[in-house]
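Take a walk through this model, one region at a time. Keep the sequence and the 3D view side by side as you read.

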Amino acid sequence: MTSFEQRRQEFGERLRRFRDEAGMTGRELASALGWPHSKISKLENGKQTAEDSDVTQWLDAVGASESTVRKVLDELAELRISKAAWRAQLRAGHRARQQQSFDNEHAATRIRNVEFGVVPGLLQTADYARAVFRTQAELLQVTDSDIEASVRVRLQRQQVLYQGKDIELIVSQHALQHPVAPADAMLGQLDRLVSAVDIPGLRFGVLPAFRRLPNITMNGFTMFDDLVQVEHVSAELTIDDPEQVAVYHRLMDRLWQVACEGDDARAILQKLAAEYRHQTEG
């Protein structure tokens, strides 16, 4: 089913086509409406949800018929229903979202994932995953009643690591030094990551602390073939535009140039484990 973010992006593309057909540039339309150009850009690129008045003014400026205005306003109403359903899904818990990832991972032939604040889901232990779900539920004020079911699905997702797919996973050392789980859970998680170094067919790396990154990286992301998912604090963005997807592929390639793999990654993980072991013994 099409996500809310995808539908909003499609709605923005529809607004852009009306502008293009009227022979107007984005700046010309912004001037005609008395809007900042950034608002035109956000609406067309699906970064902002339009209001009824936005659509009415937009279509009036490009000379659309009254019947067209009514039709597009109906589409906007459907978009709002989609948004409400998306929020309801968040309130319902985490399991459905984990099942979506399960389906995406098993359908993909290539998976590329980098995380800066959390261990990649395909390598999380049960205790670590449980802590992640619990902290997210508290922040978003959603139910935590399905945490155990969500943990089970997340662990089931990890079967994909042994199915001969092309999988690349990178985790930042920052995510391991500022954990969401207690020290004893982190010991088990680090042991899991050490073992990941030797999983056949898996390319696993650690971005070491104090190493200069090739680009500014605001969020982690996951690529399923030519589909990108970017998780924010309270929502998720799905990207399938070929030009934008290509940017994420380039960024992943560049991150591999500075990531540690093999014995170097293992050494970082073992040093961190020693620090957590000291905490638990102290």
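Which helix gives the largest share of the lining of the largest cavity? Helix α1, residues 4-21, does, with four residues. Keep in mind that this is a predicted model. A search of the whole structure finds one cavity of 30 Å³ or more. The volume of the largest cavity is about 30 Å³. Its lining is made by Arg 8, Phe 11, Gly 12, Leu 15, Leu 43, Gln 48 and Ala 50. By character, four of these residues are nonpolar, two are polar and one is charged.

Stay with helix α1 for a moment. Arg 19 also lies in this helix. Is Arg 19 buried or exposed? Its relative accessibility is 9%, so Arg 19 counts as buried. The cut-off for buried is under 20% relative accessible area. Look next at what surrounds this side chain and backbone. Neighbours within four places in sequence aside, Arg 19 is in contact with Met 24, Thr 25, Gly 26 and Leu 29, and also with Glu 44, Trp 58 and Val 62.

Now step back to the whole chain. The protein chain has 12 helices and six strands. Its C-alpha atoms fill a box of roughly 70 × 40 × 35 Å along the principal axes. Of the 282 residues, 47% are buried. Take the contacts between residues at least 6 apart in sequence: 76% of them join residues at least 24 apart.

The sheet comes next. Six strands form an open sheet, and their order is β3-β2-β1-β4-β5-β6. The pairing is mixed. Why do β3 and β6 each have one side without a neighbour in the sheet? β3 (202-207) and β6 (236-239) stand at the edges, and each has a single partner strand, so one side of each is left free of a neighbour in the sheet. From one strand to the next, the twist averages 10 degrees.

Follow the pairing strand by strand. Strands of a sheet pair through backbone hydrogen bonds, in either the parallel or the antiparallel sense. Begin with β1 (residues 110-115) and β2 (residues 166-172). They pair in the parallel sense over six bridges. Within that pairing, Val 114 has Ile 170 of β2 as its bridge partner. Glu 115 stands opposite Val 171, again in β2.

On to the next pair, β2 and β3. These two strands are also joined in the parallel sense, over six bridges. Leu 169 stands opposite Phe 204 in β3. Ser 172 stands opposite Leu 207 in β3.

How covered are these strands? β2 is mostly covered, with six of its seven residues buried. β3 is mostly covered too, with five of its six residues buried. Recall that β3 stands at an edge of the sheet.

Move past the end of β2. Gln 173 lies in helix α9, residues 173-177. What is the relative accessibility of Gln 173? The value is 11%, so Gln 173 counts as buried. Its contacts, beyond neighbours within four places in sequence, include Val 206, Leu 207, Pro 208 and Ala 209. Ile 268 and Leu 272 are in contact with Gln 173 as well. Leu 207 is thus a shared point: it stands opposite Ser 172, and it is in contact with Gln 173.

Finally, turn to the helix on the sheet. Helix α11 (residues 242-258) packs there and touches β1, β2, β3, β4 (221-224), β5 (227-231) and β6. Its direction makes about 65 degrees with that of β1.

Val 245 lies in helix α11. Its relative accessible area is 3%, so it is buried. Which residues surround it? Leaving out neighbours within four places in sequence, Val 245 is in contact with Met 223, Asp 226, Val 228, Ile 239 and Asp 240. One more pair is worth locating in the 3D view. Val 245 and Gln 229 are 16 residues apart in sequence, and their C-alpha atoms are 10.0 Å apart in space.

How values were computed. Residues are numbered from 1 along each chain as its sequence is written. This is a predicted model: local features need pLDDT of at least 70, side-chain atom pairs count only at pLDDT 80 or more; totals for chains, interfaces and linings use all residues. Side-chain values use heavy atoms; hydrogens and water are left out. Two strands pair if DSSP finds at least two bridges between them. Axes are lines fitted to C-alpha atoms, for helices over the stretch in contact, and angles run from 0 to 180 degrees between N-to-C directions. Contact means heavy atoms within 4.5 Å. On a 1 Å grid over the protein atoms alone, a cavity is a set of points where a 1.4 Å probe fits but cannot get out, and a pocket is an open set with protein on both sides within 12 Å along at least five of seven lines; lining residues have an atom within 4 Å of a point. Grid points are joined across faces, edges and corners, and a volume is the space filled by probe spheres set on the points. Ala, Val, Leu, Ile, Met, Phe, Trp, Tyr, Cys and Pro count as nonpolar, Asp, Glu, Lys and Arg as charged, and the others, Gly among them, as polar. Buried means under 20% relative accessible area, exposed over 50%, partly exposed in between (1.4 Å probe, protein chains only).
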